[in-house]
Amino acid sequence: MLIVGNWKAYVESQKKAKTLFATAKKLALTSRVKIALAVPGPYIGLLSSQNRSKVLLAAQDVSVSLGGATTGEITAAVLKDLKVAFVIIGHSERRAMGETNEIVSEKIQQALAHGITPIVCIGESERDIDGTYLAFLRGQLHAIFQTLSQEQRQEIILAYEPIWAIGKNAANALSPTDLTEMILYIRKMLVEYVTEMGAEKSIILYGGSVEPSNASALAKDTGVDGFLLGHASADADIFTALVKALLIPKVASSARLKIRP
Ligand code: PEP
């Protein structure tokens, strides 16, 4: 099981960053969950320099820039230098700022070229009884996968994040039953791009108001490989309670993870 904590801009002091990181280090000592933290850009260096732990570092975004005269951009080369293992790409909060599927694809190429695993977010903004949202998801997936080689298609992690479930609370998250259906649906769509075996192996995370009270139910028998957390990852007590809820053997042993070095 892979747990990726996206601190977004919730963490605004080095002190809090270090405390949260230390909490994750302790939790990561168990081999049953893998923890990655997507921290604000400037804190990557701070935490990377002292990281001898099992906690993996992630970035919240990456530039399309190849480097050079692009003021303010954080390139994949810089992330690689800081030993970043994952980068979140196409998060709905960045898509809302104008990030298109084309930009998402360029960023995936940058990450892969530097040995960083992209965590690519997809998800509908609302649901309708006619199932239009399923066609929307199919379109998002197609836009991304058509730009990738066969090999690259197996190198990315997908995060299914229905936008309507983000930033709420456990009561408003996707239900375990719906998550099971969506993971199945996504794997079925993946068969077109990576074959049946590839689709089975693909890593799919869920994100959207995962909290200590719903984490275990969402993990158990739903076929999900882990979670992308937002607000629950920015509070040490809540994050600890959530990870502990996942340490029930049955939940954690469903893990199958390949992580690029
Ligand atoms: C997110 O924004 O990716 C997310 C999952 O946020 P939250 O957990 O706060 O809903």
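Trainee: Where does the ligand sit?

Mentor: A cavity is a set of points, on a 1 Å grid over the protein atoms alone, where a 1.4 Å probe fits but cannot get out. A molecule sits in one if more than half of its atoms lie within 2 Å of its grid points. In this predicted model, where local features need pLDDT of at least 70, side-chain atom pairs count only at pLDDT 80 or more and totals for chains, interfaces and linings use all residues, the ligand sits in the largest cavity. Residues are numbered from 1 along each chain as its sequence is written, and side-chain values use heavy atoms, with hydrogens and water left out.

Trainee: Which residues come nearest to the ligand?

Mentor: A residue counts as near if one of its heavy atoms lies within 4 Å. Of the 13 residues around the ligand, the nearest are K8, E161, G167, S209 and H231.

Trainee: Which polar atoms lie 2.8 Å from an oxygen atom of the ligand?

Mentor: A polar contact with the ligand is a pair of N or O atoms within 3.5 Å. A polar backbone atom of S209 is 2.8 Å from a ligand oxygen, and a backbone N or O atom of G230 also lies 2.8 Å from an oxygen of the ligand. For K8, a side-chain N or O atom is 2.4 Å from a ligand oxygen.

Trainee: How much of the ligand does the protein bury?

Mentor: Accessible areas come from the Shrake-Rupley method with a 1.4 Å probe. Taken alone, the ligand exposes 290 Å², and the protein buries 100% of that.

Notes. A polar contact is a pair of N or O atoms within 3.5 Å; within protein, one must be able to donate a hydrogen and the other to accept it, and residues adjacent in sequence count only if both atoms are side-chain atoms. On a 1 Å grid over the protein atoms alone, a cavity is a set of points where a 1.4 Å probe fits but cannot get out, and a pocket is an open set with protein on both sides within 12 Å along at least five of seven lines; lining residues have an atom within 4 Å of a point.
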